[in-house]
Amino acid sequence: MAKPFYRLQRFLRRTQLLFLFLGVAYIMAGSVLLLQRHGLVVSQRGTSSYFPLPSLPSPPRALEAPALRTSYGIMGARLSGKGLGYQSVLSEDNTGQQWLISRNQEIRYLRRRWFHSLMSEQEASRAEKVLPKRKIRHKGTYIGCFLDDAKDRALKGMVFYDFRKMTSTLCQDTCTESGYQFAGLEYGSECYCGNRITSARMKEEECNLDCKGEKGAICGGVSRLSVYKVEEVLPGQRRYRNVRYRGCFKKPDNTTAASLAHAIQPNLTSQWCIQTCMDQEFPLALVRKPDCFCGYTTARFTLHKPVKEELCAVENGSLSTQVSQQLFLQVYQTPVQDSRCTEKKFLPEKSSSLVALSSFPGAGNTWVRHLIELATGYYTGSYYFDGTLYNRGFKGEKDYWKSGRTICVKTHESGQRDIEMYDSAILLIRNPYRSLMAEFNRKCAGHLGYASDQHWKSKEWPEFVGSYASWWASHVLDWLRYGKSLLVVHYEELQESLVPTLRSITSFLNISVSEERLLCAECNKDGHFKRSGVRRPTFDPFTSDMKRLIDGYISTVDQALRAGNHSGLPKEYLRDDKCAELEYRTVCLAQTSAPVI
């Protein structure tokens, strides 16, 4: 047994030596061949340094480098002209020399092609590191790369996030619609707007992050902002978003204390005043001919007490009473975002208590999260992960819900075990008719879309109401029963009295908030979560049986709230047939349309 094993071992040793010898021979043969070719090329270069290069037949197309045809075409013609006197000499040489020279030229062409391709690749890679990769034609004009500090923003206007589909065009369009002149992109997904750049210019290579929705396009870098000057539009063609008339208000006694800037225009128009305030990045424009005031809502000027419109009435060129001109202002809200409450962050220290923001689906949880983040400056978390909301700027959506880094946690759960995990909770309640319709819209068309009439007429709608209506009631009842510490918030009351209700929410969260920050949250209340228009089904989707079922749940929940020393449900929760019939035509539609979902 040992003898065959010994023979096998000896054979393997010999095989290793054989392979080693063949490998060395192959390397030596290749080295000799390369040295020989190199010697031929060197000898050819030596002759060309002393004598002009004779004119030779051009190499095959496969060996001709494209760069040589463009870069060396003139030089090649000169060489061929100088070589005309050598044609007769070459014709007398033997064919071996001609083959050798032509072969050397082929090698030279190959070496040149390899060299130029290598250099072009190196230059391209070097250019990619130095210059921004703006391969795609952008709107507007690229200004440059600028420093951006979270404590001192380069552009101090509106902030917009899209962690999935951000592009330079999207950012510029958003800034243009909001009345800004500059659009800046950072981290590939953040968009900042403003009318003035207040930071230093940086090196272009420091803006090196691709846009999330546009590969090959640069969207800033780490604390670096790629700034564009948006396309200029003629005044008559400008289309702004959310220019809203707020009403007639009494002029504050001290405009300086109310943080109002002042401009005078003899032929003042409301459009001129709005544009002037937008250029100065103010969210409010206040008109009183010939004066234009710009500013913010403050404790001295809250816009909570409008007066009769007649007191502000001023005809074109004809003045009304001198008293009305001196004491009252027409107030417009510009598209410019109030920047006093846009900065947000995670809690600096881990919270010891876990606070839930609980609601039935479709009750406005996302909107209330938006308001809480504006008012407190801290991110809200979620028991779930919604990529759409994360892409819209809810950075706490990806954070672990028990991390303690968020001010409160969104949840739709209602079991005893789920409720007892929280130390306290904000219980958000909305009219079940509105909640059911909002959730059905979301299921059919997303957070900002609407279900079609076909969806409302399908079998899915009655089944949805049958299962979700009972869930609306059981959700409230379970939290009233098992919740440790509750703050009940009615969605409709938050709409009507936003600042007082938001103040009670921040107090419940044990966060001290200034009045200016609450007013800023009120000014920016819609955010990017408002469904466009007031589209509703062309008919009342609730049948008589559905109404009886839902009204019974409303009565049960109302009794439970009052028994727990909480405020009962608003009276408008109970629908009568007359309101239901008119709702999708005029009156009730305007009263019950919700701005946010």
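Buried means under 20% relative accessible area, exposed means over 50%, and partly exposed lies in between, with a 1.4 Å probe and protein chains only. The model here is predicted: local features need pLDDT of at least 70, side-chain atom pairs count only at pLDDT 80 or more, and totals for chains, interfaces and linings use all residues. Residues are numbered from 1 along each chain as its sequence is written, and side-chain values use heavy atoms, with hydrogens and water left out.

**Exercise 1. Get a feel for the whole protein.**
Work out how many helices and strands there are, and what share of the residues is buried.

Solution.
- Start with the secondary structure: the protein has 20 helices and 17 strands. Helices (H or I, at least four residues) and strands (E, at least two) are DSSP runs, numbered from the N terminus.
- Now for burial: 43% of the 597 residues count as buried.
- Then check the contacts, meaning heavy atoms within 4.5 Å. Among those between residues at least 6 apart in sequence, 76% join residues at least 24 apart.

**Exercise 2. Follow the disulfide of Cys-145.**
Find which residue Cys-145 is joined to, and where the two partners lie.

Solution.
- A disulfide is a pair of cysteine sulfur atoms within 2.5 Å, and the structure holds 8 of them.
- Cys-145 pairs with Cys-207, at 1.9 Å from S to S.
- Cys-145 sits in strand E1 (residues 141–147) and Cys-207 in the loop between strand E4 (190–194) and strand E5 (210–211), so the link ties together parts that are 62 residues apart in sequence.
- Look at the handedness: with 85° about the S-S bond, this link of Cys-145 and Cys-207 is right-handed.
- As for burial, Cys-145 and Cys-207 are both buried.

**Exercise 3. Do it again for Cys-273.**
Find the partner of Cys-273 and say why their disulfide is right-handed.

Solution.
- The partner is Cys-292, and the two sulfur atoms are 2.0 Å apart.
- The torsion about the S-S bond of Cys-273 and Cys-292 is about 80°, so this disulfide is right-handed.
- Cys-273 belongs to helix H7 (residues 270–279) and Cys-292 to strand E11 (residues 291–295), so the pair ties together parts 19 residues apart in sequence.
- Cys-273 and Cys-292 are both buried.

**Exercise 4. Classify two more cysteines.**
Are Cys-444 and Cys-523 buried or partly exposed?

Solution.
- Cys-444 has 26% relative accessibility, so Cys-444 counts as partly exposed.
- Cys-523 is in no disulfide, and the nearest cysteine sulfur, that of Cys-520, is 6.7 Å away.
- At 9% relative accessibility, Cys-523 counts as buried.
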